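User: I have a protein structure open and would like some help in reading it. Could we go through it step by step?

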Amino acid sequence: MSPSRRSQVTLFLHQLPFLLWLVALWMLLWGQFTWLALLTGLVAAILVTRVFRLPPVELSGRINLWYGLVFVVTFLGAVVKGSLIVAWQVLDFRRQPGAAIIAVALRVDDDVIMAHTAVTASLIPGSLIVDVDRENRTLFLHTIGVRSDEDAEHQRRIVLGWEARIARAVGSKEELQELRAKIAESHADARHAAESPRDGRTPL
């Protein structure tokens, strides 16, 4: 096999997980798991990766099947739960569900994980990505069911939870270490804030 041919095969194998992920996203967006959806998704993925000549996506080369399964099961449960919550909010005439645009600063510096987190958040009923700040790793979501700062913070934690699940499933070892360090830092900050005196009072 010639060097050019070998490099093409290597590039195809390196991009194969991304190609399969695009097919899966296509089927999720259409809400159909049929042979027709599979074939049209494959055509769309090939068009995106070959015809438009996008720069190759650098994947970590690491896939954790267990955490991948955890992500899929959790995602399907979140879709069902989100659908029920949105339906109840529409039918509950006693009060308005409330809505807000919230900013979520991600913790992993990786384009693929950021894109997967954004798509996952948008596929769950009740939230939709309206903008992305790539340089600052920030997602902006329009979310319904937000009536207070506590509700907004709860939605941020949900999105960060999806980021963590995706990182555990397909992130590199370095990204996982970075994520664990930032999670530990946020927990330390939360404990410090809980123990610090408020309004000039001293802790008991």
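Analyst: The answers below move from the overall layout to the sheet, the salt bridges and one residue in a helix. Please keep in mind that this is a predicted model.

User: Fine. How many helices and strands are there in the protein?

Analyst: The protein has 6 helices and 3 strands. Read from the N terminus, the elements follow the order α-α-α-β-α-β-β-α-α.

User: And where does UniProt place the "transmembrane region" feature?

Analyst: The UniProt record, an unreviewed entry, puts this feature at residues 12-29, 35-53 and 65-88. In the model, residues 65-88 are 100% helix and 0% strand. The C-alpha atoms at the two ends of that stretch lie 35 Å apart.

User: What share of the residues counts as buried?

Analyst: Of the 204 residues in the protein, 28% are counted as buried. The exposed area of the protein is about 13,900 Å², and 64% of that area comes from carbon and sulfur atoms.

User: What about contacts between residues at least 6 apart in sequence?

Analyst: Among those contacts, 68% join residues that are at least 24 apart.

User: Let us turn to the sheet. In which order do the strands run?

Analyst: The 3 strands make an open sheet in the order β1-β3-β2, with antiparallel pairing. β1 and β2 are the edge strands, since each of them pairs on one side only. From one strand to the next, the twist averages 25°.

User: How many bridges join β1 and β3?

Analyst: β1 and β3 are paired over 7 bridges in the antiparallel sense. Within this pairing, Ile 102 has Leu 141 of β3 as its bridge partner, and Ile 101 is opposite His 142 in β3.

User: And how many for β2 and β3?

Analyst: That antiparallel pair has 6 bridges. Here Ile 129 is opposite Leu 141 in β3. Leu 141 therefore appears in both pairings, as the bridge partner of Ile 102 and as the residue opposite Ile 129.User: Which helices pack on this sheet?

Analyst: Helix α4 packs on the sheet and touches β2 and β3, and its direction makes about 155° with that of β2. Helix α5, residues 149-170, also packs on the sheet, where α5 touches β1 and β3. The direction of α5 makes about 45° with that of β1.

User: New topic: how many salt bridges are there?

Analyst: The structure holds 6 salt bridges. In one of them, the side chains of Asp 109 and Arg 137 meet at 2.7 Å, N to O. This pair links distant parts of the chain, 28 residues apart: Asp 109 is in the loop between β1 (99-105) and α4 (111-123), while Arg 137 is in the loop between β2 (127-133) and β3 (138-144).

User: Why can such side chains pair at all?

Analyst: Side chains that carry opposite charge can pair when their charged atoms come close.

User: Is Arg 137 buried or exposed?

Analyst: Arg 137 counts as buried, because its relative accessibility is 13% and the limit for buried is under 20%. In the hairpin of β2 and β3, which has 4 residues between the strands, Arg 137 takes a positive phi near 55°.

User: Which salt bridge does Arg 134 make?

Analyst: The side chain of Arg 134 meets that of Asp 111 in a salt bridge of 2.7 Å, N to O. Because Arg 134 lies in the loop between β2 and β3 and Asp 111 in helix α4, this pair ties together parts that are 23 residues apart in sequence.

User: What else does Asp 111 pair with?

Analyst: Asp 111 also forms a salt bridge with Arg 137, at 2.6 Å, N to O. With Asp 111 in helix α4 and Arg 137 in the loop between β2 and β3, the pair ties together parts 26 residues apart in sequence. Asp 111 itself counts as partly exposed, at 32% relative accessibility.

User: Which residues are linked in a network of salt bridges?

Analyst: The network links Asp 109, Asp 111, Arg 134 and Arg 137.

User: One last residue: where does Thr 117 lie?

Analyst: Thr 117 lies in helix α4. Thr 117 counts as buried, because its relative accessibility is 0%.

User: What does Thr 117 touch?

Analyst: Leaving aside residues up to four places away in sequence, Thr 117 touches Leu 106, Leu 139, Val 159, Glu 163 and Ile 166.

Note on methods. Residues are numbered from 1 along each chain as its sequence is written. This is a predicted model: local features need pLDDT of at least 70, side-chain atom pairs count only at pLDDT 80 or more; totals for chains, interfaces and linings use all residues. Side-chain values use heavy atoms; hydrogens and water are left out. Buried means under 20% relative accessible area, exposed over 50%, partly exposed in between (1.4 Å probe, protein chains only). Contact means heavy atoms within 4.5 Å. Accessible areas come from the Shrake-Rupley method with a 1.4 Å probe; for residues, only the protein chains shown count as cover. UniProt positions are given in the numbering used here, feature names are shortened, and annotations may be inferred rather than shown by experiment. A salt bridge is a side-chain nitrogen of Lys or Arg within 4 Å of a carboxyl oxygen of Asp or Glu. Two strands pair if DSSP finds at least two bridges between them. Axes are lines fitted to C-alpha atoms, for helices over the stretch in contact, and angles run from 0 to 180 degrees between N-to-C directions.
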